[in-house]
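User: I would like to learn how to read a model of this kind. Please take me through confidence, then one helix, then the cavity.

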Amino acid sequence: MKKILNLSLVTAAMFSLTACVSSSSPSIASAVNEDEKVVCSVEKNGIENVIATAKKYNEVAKAKGLEFRRLTVNNSDLIISVEEAIKTGAKEVNPMSFKGKPSKTKLPTDYAAQRACKFAIAALAQSAESKKTWRLAVPGDGYKY
């Protein structure tokens, strides 16, 4: 009886530990549940927290091949430029483009951090949404074009 009790306690402890660890790591499911406006708000969370969130979700997006590229700038390059602007105290960022040349895009630092965060979360959320709604785009499913 004592062994069964100990085994059940150990199992419960392991389950709670894995639940805590898995909930803290970003994933597609957690990105779908996030409210972009709240999580990516520089005024509410501060620029360091926003860019840290963007970095976490962007790593997952890059691993899945879903990283955003907008105005010839990858989201990871935008994150790097915001981190450099935070270190130097710059008010504006000019992220590097795909080929290593400065882009024409110049953004305020706060807006760039917010944008990077939203792009990182949206990439994962849109991939989850597309799995549910892709049939709507297939011809022959009862829709007339």
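User: Which elements of the protein chain have the lowest and the highest mean pLDDT?

Analyst: pLDDT is the predictor's confidence in each residue, from 0 to 100. Helix α1 (residues 2–24) has the lowest mean, 46, and helix α5 (residues 47–64) the highest, 91. Over residues 7–23 the pLDDT is below 50, and beyond near neighbours in sequence this stretch has 0 contacts, a contact being heavy atoms within 4.5 Å. Where pLDDT is low, the predicted coordinates should not be read in detail. This is a predicted model, in which local features need pLDDT of at least 70 and side-chain atom pairs count only at pLDDT 80 or more, while totals for chains, interfaces and linings use all residues. Residues are numbered from 1 along each chain as its sequence is written, and side-chain values use heavy atoms, with hydrogens and water left out.

User: Which residues of α6 are buried?

Analyst: Buried means under 20% relative accessible area with a 1.4 Å probe, protein chains only. In α6 these are N75, S76, D77, L78, I79, S81, V82 and A85, and they pack against α5, β2, β3 (92–93), β4 (107–108) and α7. After α6 comes G89, with a positive phi near 80°.

User: Which residues are the closest to the centre of the largest cavity?

Analyst: A cavity is a set of points on a 1 Å grid where a 1.4 Å probe fits but cannot get out, and lining residues have an atom within 4 Å of a point. The largest cavity has a volume of about 70 Å³; among its 13 lining residues, R70, V73, L78, R115 and F119 are the closest to its centre.

Note on methods: 1 Å grid on protein atoms, 1.4 Å probe; cavity = no way out; pocket = protein on both sides within 12 Å on 5 of 7 lines; lining within 4 Å. Points joined across faces, edges and corners; volume = space filled by probe spheres on them. Helix = DSSP H or I, 4+ residues; strand = E, 2+ residues; numbered from the N terminus. Buried < 20%, exposed > 50% of the residue type's maximum accessible area, 1.4 Å probe, protein only.
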